[in-house]
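User: I have a model open and want to know how its labels were earned. Can you take me through a sheet and the cavities?

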Amino acid sequence: MRRWNGWGDDQFNLELPDGGRQFLQERIGTATPLSDTSLEAACAQVPASRLPQHSDVATSAEDRVRHARGQSLADWLAMRSGDFGVFPDGVAYPESSQDVKSLLRYAEEHGISVIPYGGGTSVAGHINPVDSESPVLTVDMGRMNRLIDLDRQSQIATFGAGTPGPLVESQLRALGYTLGHFPQSFELSTIGGWVASRSSGQQSLRYGRIEQLFAGGRIETLKGTLDIPTIPASSAGPDIREMILGSEGRIGLITEVKVRVTPLPAHESFHVVFFPNWDKARTACRQLVQNRTQLSMLRLSNATETETQLALAGHPALIGMLESYLSLRGSKNGKCMMTFGITGSKRQCNNALKETRAICSEYDGIYTGKKLGDKWAAKRFTMPYLREALWQLGYAVDTLETATDWDNVDNLLNRIEENLRNRLNERKESVHVFTHLSHFYTQGCSIYTTYVFRVADSYDETLARWKTLKDSTSAVIVNNRGTISHQHGVGKDHAPFLPVEKGELGMLAIGSLCQTFDPAGLLNPKTLVE
């Protein structure tokens with residue numbers, strides 16, 4: 001069963017290897033975990049619903065608790081402490097676009113705020129109700145989870161917006177196709193949520209981000225139904241698709257998503273290369289992408305992340321042998337690990353592997369084969385479970401992500417890490433910080449930084465530590481040519497920083513679009529635009 005206060009299946013646990021605790025203790029000190037509240041105690045706090053009665057709306061305490069928060073660290077602390085703040089007044093589970101249309105009429109008639117809920121995986125506060133006089137209805141799209149149609153000739157698939165990643169792929173694979181969109185949240189996140197937040201999958205080098213995959217669909221709004229046709233390309237004015245991409249529930253509720261799918265590839269494999277230093281590793285990655293080498297995935301860990309991953313990998317004897325081999329080849333302290341995927345026909349993959357190895361060799365890259373790549377692929381969707389393992393030891397972990405041009409990558413990465421590493425100095429707390437580049441473009445790349453710190457002796461102080469780290473680093477990002485989000489969206493957490501990126505006129509345009517579709521401000525208030 002899904003955890004009510006954390007990530008994923010409560011029967012699955014990602015165990016930290018024996019040396020993991022020691023590794024963290026050496027870097028940030030010993031830690032003492034905080035105690036968790038129970039589901040029963042959380043449910044006891046839920047107030048009476050303010051919603052007018054509706055046969056399709058559930059108002060039980062447990063329904064409302066399970067839909068009150070997403071998966072940001074602030075959400076985690078709220079769920080673990082039991083200090084939720086605001087609960088939705090009810091939860092609806094529509095099964096069709098017509099059901100959604102009916103719910104929107106109900107909401108408009110009674111002045112009810114509406115929050116669309118896909119997989120509940122938001123790490124930016126998208127699905128959190130805000131304190132207001134209006135009752136709040138959360139609309140869980142999870143029952144709209146099937147493949148509605150597949151046009152094999154045009155390679156267009158139509159899905160219910162609440163279809164989670166595994167069901168998207170299993171339904172397509174049964175027919176010989178794939179969407180190829182694999183965000184780390186793949187296990188729980190939904191196809192409608194990917195569109196609403198402009199998601200990016202791990203193999204976007206081959207398949208593209210969701211904006212390249214999103215072909216059209218259906219959106220129920222307070223002004224009526226918006227149908228977006230599946231035209232391959234058009235010069236007929238602004239693209240309505242782009243208005244929906246990243247709209248985060250402010251325009252309407254996405255009910256059907258039409259996507260461009262691809263026949264299943266004949267071959268796919270993942271490989272690892274180690275470089276002696278960051279400069280050579282980053283330059284090799286940039287050359288691979290700017291040469292348009294046919295890779296499906298590319299990820300580059302900096303030296304600290306490489307050290308951390310090897311320390312937490314388990315199998316100390318095997319890792320020790322690897323370390324000795326790399327040291328003999330000139331990659332010891334400061335080495336950086338590059339993971340890459342190749343996908344396609346056998347000929348495509350052979351050519352891509354040959355070209356990749358040749359370019360990496362120019363920068364002293366040491367190719368280590370597929371073994372580590374296979375391990376990455378096997379665990380690619382389980383890493384969110386690491387938060388649970390660290391939490392039980394008294395550590396909090398969170399991430400920040402952005403994207404910038406190549407000429408600014410090192411500057412921005414170093415500023416992000418420096419701010420996180422030193423921001424809690426006045427509290428005499430250390431922070432373990434590491435980064436990888438996870439999505440690559442000829443123009444630049446994304447920067448994905450993870451930071452681990454000790455929980456305090458109270459939930460309030462732990463939240464204060466997180467806010468200090470999160471807010472100050474978000475300011476560093478937007479004031480140094482980075483986007484406030486490359487793949488997680490804006491939500492409520494990032495909304496204060498969006499005007500720096502969009503500018504006054506850009507924010508006016510976004511606000512006007514929301515106002516056109518939702519003049520009363522009922523749809524996901526304070527998300528995207530404060």
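Analyst: Sure. Two strands count as paired if DSSP finds at least two bridges between them. Keep in mind that this is a predicted model. One bridge to look at: Gly90 has Leu137, in strand 4, as its bridge partner.

User: How do you know that strand 2 and strand 4 pair?

Analyst: Pairing takes at least two bridges. Strand 2 (residues 90-92) and strand 4 (residues 136-140) have three bridges, in the parallel sense, so they pair by that rule.

User: What makes strand 1 and strand 3 edge strands?

Analyst: The open sheet has four strands in the order 1-2-4-3, with mixed pairing. Strand 1 (57-58) and strand 3 (113-117) each pair on one side only, and that makes them the edges. Helix 5 (residues 97-110) packs on this sheet and touches strand 1, strand 2, strand 3 and strand 4. The helix direction makes about 175° with that of strand 4.

User: Why are the enclosed spaces called cavities and not pockets?

Analyst: In a cavity a 1.4 Å probe fits but cannot get out, whereas a pocket is open. Two cavities of 30 Å³ or more turn up here. The largest has a volume of about 90 Å³, and the second largest about 40 Å³.

User: What makes Lys492 a lining residue of the second largest cavity?

Analyst: A lining residue has an atom within 4 Å of a cavity point. Lys492 is listed in that lining, along with residues including Ser113, Ile115 and Val136, so it has such an atom. By class, this lining divides into five nonpolar, two polar and one charged.

Note on methods
Residues are numbered from 1 along each chain as its sequence is written. This is a predicted model: local features need pLDDT of at least 70, side-chain atom pairs count only at pLDDT 80 or more; totals for chains, interfaces and linings use all residues. Side-chain values use heavy atoms; hydrogens and water are left out. Helices (H or I, at least four residues) and strands (E, at least two) are DSSP runs, numbered from the N terminus. Contact means heavy atoms within 4.5 Å. Axes are lines fitted to C-alpha atoms, for helices over the stretch in contact, and angles run from 0 to 180 degrees between N-to-C directions. On a 1 Å grid over the protein atoms alone, a cavity is a set of points where a 1.4 Å probe fits but cannot get out, and a pocket is an open set with protein on both sides within 12 Å along at least five of seven lines; lining residues have an atom within 4 Å of a point. Grid points are joined across faces, edges and corners, and a volume is the space filled by probe spheres set on the points. Ala, Val, Leu, Ile, Met, Phe, Trp, Tyr, Cys and Pro count as nonpolar, Asp, Glu, Lys and Arg as charged, and the others, Gly among them, as polar.
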